[in-house]
Amino acid sequence: MATPALSGLPKEIEERVVHDPIARKIMLIIFKAGTVRPKIGLETGIRYPPFEDLPQWTKVIEDLIRLKLVEKNVADRLIHCPRCGSIHVSSRLLCPWCKSFNIEPTFIIQHTLCGYIDTESKFRDPNTGQLICPKCKRPLRKEGLDYIVIGKVFECLNCKRKTNKPLIAFYCRNCTHQFDYLSASYEPVYEYALTPLGQKLVVSGALHKEEIINALKELGLIVESPGKEKGRSGIDHTFDIIARTPQGRVLAIDFAEEKDPSLAITSRIPKALDTEVDRYVIILPSGAFEASMMVQMKNVAVLELTEPYLVERIVSIAKELLKKEAKEVEVTAEAPEASEEEFFGLSGGELSIPEEELLSVSEEGEKKEEKEKEEGEKKEKEEKEEKEEKKGEALLGPDEFFGT
Ligand SMILES: [Zn+2]
Ligand SMILES: [Zn+2]
Ligand SMILES: [Zn+2]
């Protein structure tokens, strides 16, 4: 099946995933991590730190598994206490006769010179620590030469009996319950990954589109998704999202599904050149920072799908466009109102003041705005970062954050 557009998604995925912020977040966390693995600690239990802040994530993730977007695989199995459920469980070796755990492994030695067999502890002189034969009283010299080790047994320090098959038991350090393997629960521990379908859903931008569209609409932009823009060549180019300002400036957004960032960029630049959209945002599944280095065009921004403030960054690009427009309206205050054609961005850009003048004004303003924006973003980012750090989440470095 071809890439599903937002409207072409199965209804249940649309309702259960696209419209649910928790489900979306889980998908993006797994997408970024590749595989989310359990963190197992005896006292802390089984944890999935990336999901911990998300309410009811275990239930949501089961839904995602049912929808075949996420798959779980057994990463391990753990013994749980059948009484309290804790995994803080130790193994114990028990004497099969008196059930004491106080048994000691020891070697069985044969003194080859006289043929006497006993445990190592019987040969060991308690004062010197030397091995002396209890029968013939001669010291043992070298294994293989005058004695051999013929096996290993467990000696019970409680009932003094020996065994080579101690019982295996488990002891819960949380509730002190001791149990054998038959009553132990031996539960799988899962790791989570996206299925190919889940992967496709993420890179298609389906999880982000709604949020981005709503944010742009809130700014007063007219949004279409997908949207068309006529190129100078006469070709209609399609973008995943087209947002138009009241004066007809165009912000175009594409979600690139290509794995190769340079291919994703080079295949889209001709579209930008032909249509002359005012701002073009290309969102890559990964490698946005490197890819942004390739782009020499000032109006093209390359962002990464999983960056924490993707929507905020698009909003600030849109605000920049609006601000620029507002300044120009001020400059052209005496000029007649834009015709309907200009409003929808269909005119050939006939402006009431010389284009040169307009450009110089807007560029100067733009520089200042960009500086202001960067400072504002920096501050905003620092504040958010502080917050995030408290949650113990890793964030992108400042370079990656600023992308271009
Ligand atoms: Zn227990
Ligand atoms: Zn001997
Ligand atoms: Zn015993």
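I call a residue buried if 20 or more other C-beta atoms lie within 10 Å of its own. With that settled, I opened this predicted model and began taking notes.

**Overview**

I looked up the secondary structure and found 13 helices and 19 strands in the chain. Of its 404 residues, 23% are buried. I then turned to contacts between residues at least 6 apart in sequence: 64% of them join residues at least 24 apart.

**Confidence**

I checked how far to trust each part. The pLDDT averages 83 over the chain, and 79% of the residues score at least 70. Strand S1 (residues 35–36) has the highest confidence, at 98, while helix H13 (residues 398–402) has the lowest, at a mean of 40. I also marked residues 338–368, where the pLDDT is below 50; the model gives this stretch 30 contacts beyond near neighbours in sequence. At the start of the chain, residues 1–6 stay under 50 too, with 9 contacts beyond four places in sequence.

**Helix H2**

My next stop was H2, which covers residues 21–33. From first C-alpha to last, its 13 residues reach 18 Å, close to the 18 Å expected at 1.5 Å a residue. Which residues of H2 are buried? I listed Ala23, Arg24, Ile26, Met27, Ile30 and Phe31. They lie on the same side of H2, because they cover an arc of only 160 degrees around the axis. Just after the helix comes glycine 34, and I noted its positive phi, near 85 degrees.

**The sheet beside H2**

I asked myself what H2 lies across. It lies across S1, S4 and S12, and it runs at about 85 degrees to S12. These 3 strands form an open sheet in the order S1-S12-S4, with antiparallel pairing. S1 and S4 (70–80) are the edge strands, each pairing on one side only. I followed the pairing of S1 with S12 (residues 185–194) and found 2 bridges. Threonine 35 stands opposite alanine 193 in S12.

**Serine 183**

I then looked at the loop between strand S11 (178–180) and S12, where serine 183 has its place. Is serine 183 buried or exposed? It counts as exposed, because it has 12 C-beta neighbours inside 10 Å and the cut-off for exposed is 12 or fewer. I also took the separation from histidine 80, which is 103 residues away along the chain: the two C-alpha atoms are 9.8 Å apart.

**Cysteine 133**

Another loop residue caught my eye: cysteine 133, between helix H4 (120–123) and strand S8 (147–156). Cysteine 133 is buried, because 20 other C-beta atoms lie within 10 Å. Leaving out residues up to four places away in sequence, I found that cysteine 133 touches His111, Cys114, Tyr116, Phe123, Arg138 and Leu140. Its C-alpha is separated by 9.7 Å from that of tyrosine 147, which is 14 residues along the chain.

**A hairpin**

My last entry concerns strands S14 (residues 227–230) and S15 (residues 236–239), which pair in the antiparallel sense over 4 bridges. How many residues sit between them in the hairpin? I found 5, and glycine 234 in the turn has a positive phi of about 95 degrees. Across the pair, lysine 230 stands opposite aspartate 236 in S15.

Methods: Residues numbered from 1 in each chain as written. Chains lettered and ligands numbered in written order. Predicted model: local features only at pLDDT ≥ 70, side-chain atom pairs only at ≥ 80, totals over all residues. Contact = placed C-beta atoms within 7 Å. Expected span 1.5 Å × (residues − 1). Arc of directions from axis to C-beta. pLDDT = per-residue confidence, 0-100. Pairing = 2+ DSSP bridges. Axes fitted to C-alpha atoms, helices over the stretch in contact; angles between N-to-C directions.
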